[in-house]
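I opened a fresh page of my notebook today. Here is what I looked up, entry by entry.

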Amino acid sequence: MLTVILVKLITCVIVFAISLGVAAYATLWERKFSALLQDRVGPDRAGPKGLLQPLADGGKMFFKEEIIPNVSNKFLFILGPSLFMITALMTGTVIPWGKDFTTANGTTYSFQITDINIGVLYLLGVVSIGVYGIMIGGWASNNKYALLGAIRSSSQMISYEIAMGISVIALVITAGGTLSLREIVGQQDAGWANIVYQPLGFLIFFVCALAETNRAPFDLPECEAELVGGYHTEYSSMKLGLFLFAEYINMFISSAVMSAFYFGGYNFPFAQELYHAMGLQDGSIWISIIGFGAFFTKIVIFICVFMWIRWTLPRFRYDQLMNLGWKILLPLSLLNLAITVGVEFLRGNLHF
Amino acid sequence: MKLTNRSKVVSNKEQSFTERLYLPGIIKGMAITGSHLFKRRATVKYPDELRPIAAVYRGQHVLKRDENGAERCTACGLCAVACPAEAITMESAERKKGEEGLYREEKYAKTYEINMLRCIFCGLCEEACPKEAIFLTDRIVDTEYEREDFVYGKDKLVEKVDKRIDVSKRQTLEVAEFKKIPGLKHNEVWKGNKLK
């Protein structure tokens, strides 16, 4: 029992560290990538090639003056960013990072913190709690811009969650009716990745993921042209850092979810042939590590696409955002669901 | 009136279906930004790498000393007269006995100030100088916090005896020839020097 807890604890710490590390370097890569897209050089002063820039940024955040407005609700003011950060980190628990492996004495360890059989639901639930962080933070600031940003954020999240949820339902039907992420990824092991069966679903999910993570072109909650800083107008020091940082963790997790849902997670083309050629047995730790590498590559590509979109597209107007969410994505996702159900019924995979 | 060929007539016509899809437009935009990933960076990382500058670059001035280390400037004021920006002021003084090693002529500049904010680095002072005393160099004027600090006195302008500044690039042959005219005898030092 104790070893089980210990192993889980170690896995937790590793996932935690990876999420934070990736988020930290995503902030650097965001600046570097935007520079590359704009023919600039980007940060290259802190350490070799600017690699210590995230440390410098973090250090700066810690040493900034911490301001809590007099008129704010102090408890909620502190709760907001904490909640946002916690929910961002919580989503990483159900993602299967790699295949299970078996050690010499026959114990099996998995590259996943926990496999709940309602993993997809858990994910959607935790993500929608994330909006509470923004909402509470924005409201507790007692500032009209912060409040407007928070309201925008919550209405945006609620609007896009519906289309996202419906596109996930279509995915779950294709995946054989399982809500466990491990099974969704495992089911793509032998056959094609889900993107082949759900191209429209993926597109909807991707657009919704952009909106859920408050990334451009849907970054209206922190629209600096209209709302000063949006929901984090009154925040300073590391509390602001938490808000900004959690956005990158969200981006990392949603990239991971998209690769797991639609691009086969740790699977990659000709994986079995490669393992066979390398002479690896089933359950070898190397299979898990190579799979993790493949998964990670997909995540990095997705993060790059996120940034590429951010530095290409202008921000949506608020009515355009709502039009897109309710009048286009929602009907499209319903259509996608109807087609999926029809096709699966004709294939005889659905039973009533 | 049409001024350029770039002007476009604004149209309010309804978007076509492909335009309303946004996706083709988005992909087109991303292709444009993506192509910039492979373009050459325009940045010059300034303190680490310098842009090549002309050999006759007109930067911060120097007040030359002669080969014995005496100041060449005689405070005639021709540079101040030639200066179109009125950046140069000076006060003259008479050379005392025993100061022959410090000042070449009997009269010298007690103070000599150039306001680097007024200066337009045209090089007319250099052209006007009959004593080959003032030259523009390839050095760049430092940045300062206060406006007063841009008024450079003799402490910054006169070259150090042990740290001579090479101005041979700006000493064109034509000028040297011109200054060899009898009556401009003080330039004779150049005969045995760099220029013949």
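**Entry 1: a helix in chain A.** Before looking at a helix, I wrote down a definition: its expected span is 1.5 Å times one less than its number of residues. I also noted that this is a predicted model. Then I turned to helix α3 of chain A, which covers residues 74-90 and has 17 residues. From its first C-alpha to its last it reaches 24 Å, close to the 24 Å expected.

Next I asked myself: where does α3(A) bend? I found the bend at A:G80, and it is about 25 degrees. A proline, A:P81, follows within four residues.

I then checked burial along this helix. The buried residues of α3(A) include A:G80 and A:P81, the two I had just been looking at. A:F77, A:L83, A:F84 and A:M85 are buried as well, and so are A:T87, A:A88 and A:L89. What covers them? Among the elements that cover the buried residues of α3(A), I listed α1 (2-37), α4 (119-140) and α9 (237-262) of chain A.

**Entry 2: the cores.** I looked for the largest nonpolar core and found that it has 89 residues. Which residues have the most contacts inside it? They are A:C208, A:I249 and A:F252. The largest share of this core comes from α9(A), with 15 residues. Apart from it lies another core, of 20 residues, and B:V62, B:A87, B:C125 and B:F135 are among them.

I picked A:I249 for a closer look. Leaving out residues up to four places away in sequence, I saw that A:I249 touches A:S19, A:A23, A:A88 and A:L89. I had met A:A88 and A:L89 already, as buried residues of α3(A).

**Entry 3: a glycine in α2.** A:G59 lies in helix α2 of chain A, residues 53-63. Is A:G59 buried or exposed? I put it down as exposed, because 12 other C-beta atoms lie within 10 Å, and a residue with 12 or fewer counts as exposed. I also compared A:G59 with A:N117: they are 58 residues apart in sequence, and 40 Å apart in space, C-alpha to C-alpha.

**Entry 4: chain B in outline.** I counted six helices and five strands in chain B. Along the sequence they follow the pattern α-α-β-α-β-β-α-β-β-α-α. Buried residues make up 15% of the 196 residues in this chain. For contacts in chain B between residues at least 6 apart in sequence, I noted that 74% join residues at least 24 apart.

**Entry 5: a sheet in chain B.** Here I found an open sheet of three strands in the order β2-β3-β5, with antiparallel pairing. Which strands sit at the edges? They are β2 (88-94) and β5 (151-152) of chain B, since each pairs on one side only.

I followed the pairings one by one. β2(B) and β3(B), residues 107-115, pair over seven bridges in the antiparallel sense. In this part of the sheet, B:S92 stands opposite B:A109 of β3(B), and B:E91 has B:T111 as its bridge partner in β3(B). Two bridges join β3(B) to β5(B), again antiparallel, and B:N115 stands opposite B:V151 in β5(B).

**Entry 6: where the chains meet.** Last, I looked at the contact between the chains. Ten residues come from chain A and eleven residues from chain B. On the side of chain A that touches chain B, I sorted the residues by class: six are nonpolar, two polar and two charged.

Note on methods. Residues are numbered from 1 along each chain as its sequence is written. Chains are lettered from A and ligands numbered from 1 in the order in which they are written. This is a predicted model: local features need pLDDT of at least 70, side-chain atom pairs count only at pLDDT 80 or more; totals for chains, interfaces and linings use all residues. Two residues are in contact if their C-beta atoms, placed from the backbone, lie within 7 Å. Ala, Val, Leu, Ile, Met, Phe, Trp, Tyr, Cys and Pro count as nonpolar, Asp, Glu, Lys and Arg as charged, and the others, Gly among them, as polar. Two strands pair if DSSP finds at least two bridges between them. The bend at a residue is the angle between axes fitted to the seven residues ending there and the seven starting there. A nonpolar core is a set of buried Ala, Val, Leu, Ile, Met, Phe, Trp, Tyr and Cys residues joined through C-beta atoms within 7 Å.
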